[in-house]
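User: I'd like a close look at one part of this chain, the sheet and what packs around it. Could you walk me through that, starting from the chain as a whole and ending at a single side chain?

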Amino acid sequence: MQPRNMSMSGVVDLAAVKAAGEAKAKAEQARVEAARQGGGTAVPPSALVIDVDEAGFERDILQRSAEVPVVIDFWAEWCEPCKQLGPLLERLAAEYNGRFLLAKIDVDANQMLMQQFGIQGIPAVFAVVAGQALPLFQGAAPEAQIRETLDQLIQVAEERFGLTGIAVDADADTAQAPAAPVAGPYDALLEAAVTALDSGDLAGAVQAYKNVLADDPGHPEAKLGLAQAELLRRVQDMDPQQVRKDAAEKPQDVTAQIAAADLDLVGGHVEDAFGRLVETARVTSGEDRNAARLRLLELFDVVGTDDPRVTKARGALARVLY
């Protein structure tokens, strides 16, 4: 299969990442801090290829992209082209020696990320540079074309954001492994939630996140995880065609509009979801209006409260309500 360009219109959970100007500022801040501390720590060659899941996406991809371009390989065990592309990308990551970091995401175990990137087929390869997501190619592309794409990515990362990669210590893999970090108070519960999500046990994931929030109501990871798990649980048994039909035929039916808004968000149509619920609040009253308002607030948590689309929708909702 030949590579083709892909649309980023389905991305949701990069909602926490802002505009390119702000991303560039963050990257610059990270470089300044690294310089202040005497430069970044060299990593072993084995650290150039990492497995990433939904729980570690922000830490391992978004945050790391402020110091090095992160190439994301979306794959699955059953995908034959993935078995050709994956080893090639891993070999190139070692050869490029820190100029980019390769993150591998198993789509079967991380359905939310697959939906958020709007992926229609695998293998699919993206990059994140200073928080900015870029589609690279889809399918098992020829090595020469992949090298050309990587060279262009590295050039853009260096010229636009000053990212020159990370230092690699070729002898570090033979050094003694560091002591395991001390587990936090909620690590076991959060891990249980991720395990439940990976196995499709959405009810179990919801309960695990609720267990964390029972002790720490403001825990950011648990709050975000709960909002995402509850959204997935709501839509898993929906008939999308029927939901869309009901929403089109019953514009003042709050139940129909809420269901359609959930589908909008899962499909990556963030502004459509928000606009639908703001309009529902405008044309309804009483309990119906409050139901639309509450669901909109829940969807704000899924996207991230610092996202500009959330700020815009909050203002629109306030004008409708007050």
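Analyst: Of the 322 residues in the protein chain, 43% are buried, in what is a predicted model. The accessible surface is about 16,200 Å², and carbon and sulfur atoms account for 51% of that. If you take the contacts between residues at least 6 apart in sequence, 73% of them link residues at least 24 apart. As for secondary structure, the chain has 13 helices and five strands.

Now to the sheet. It's an open one, built from five strands in the order 1-3-2-4-5, and the pairing is mixed. Strand 1 (49–51) and strand 5 (132–138) are at the edges with a single partner strand each, so each has one side with no neighbour in the sheet. Going from one strand to the next, the twist averages 25°. Further in, strand 2 (residues 70–75) runs parallel to strand 3 (residues 101–106), and six bridges pair them. One of the residues involved is Val70, whose bridge partner in strand 3 is Leu101. Helix 5 (residues 143–161) packs on the sheet, where it touches strand 2, strand 4 (124–129) and strand 5. The direction of helix 5 makes about 165° with that of strand 5.

The side chain to zoom in on is Lys104, which sits in strand 3. Lys104 has a relative accessible area of 10%, so it counts as buried, the cut-off being under 20%. What does the side chain of Lys104 pair with? There's a polar contact of 3.5 Å between it and the side chain of Glu90. Setting aside neighbours within four places in sequence, Lys104 is also in contact with Val49, Ile50, Asp51 and Val52, along with Asp73, Trp75 and Gly86, and Glu90 is on that list too.

For context, here's the nonpolar packing elsewhere. The largest nonpolar core has 29 residues, and Leu231, Leu265, Phe274, Leu296 and Leu299 have the most contacts inside it. Among the elements that give two or more residues to this core are helix 8 (220–235), helix 11 (270–283) and helix 12 (286–303). Helix 10 gives the most, with eight residues. Take Leu299: beyond residues up to four places away in sequence, it touches Leu231, Arg234, Ala261, Asp262, Leu265, Ala273, Phe274 and Leu277. Apart from that core lies another one of 27 residues, and Val70 turns up there, along with Phe57, Leu62 and Val128 among others.

Methods: Residues are numbered from 1 along each chain as its sequence is written. This is a predicted model: local features need pLDDT of at least 70, side-chain atom pairs count only at pLDDT 80 or more; totals for chains, interfaces and linings use all residues. Side-chain values use heavy atoms; hydrogens and water are left out. A nonpolar core is a set of buried Ala, Val, Leu, Ile, Met, Phe, Trp, Tyr and Cys residues joined through side-chain atoms within 4.5 Å. Buried means under 20% relative accessible area, exposed over 50%, partly exposed in between (1.4 Å probe, protein chains only). Helices (H or I, at least four residues) and strands (E, at least two) are DSSP runs, numbered from the N terminus. Contact means heavy atoms within 4.5 Å. Accessible areas come from the Shrake-Rupley method with a 1.4 Å probe; for residues, only the protein chains shown count as cover. Two strands pair if DSSP finds at least two bridges between them. Axes are lines fitted to C-alpha atoms, for helices over the stretch in contact, and angles run from 0 to 180 degrees between N-to-C directions. A polar contact is a pair of N or O atoms within 3.5 Å; within protein, one must be able to donate a hydrogen and the other to accept it, and residues adjacent in sequence count only if both atoms are side-chain atoms.
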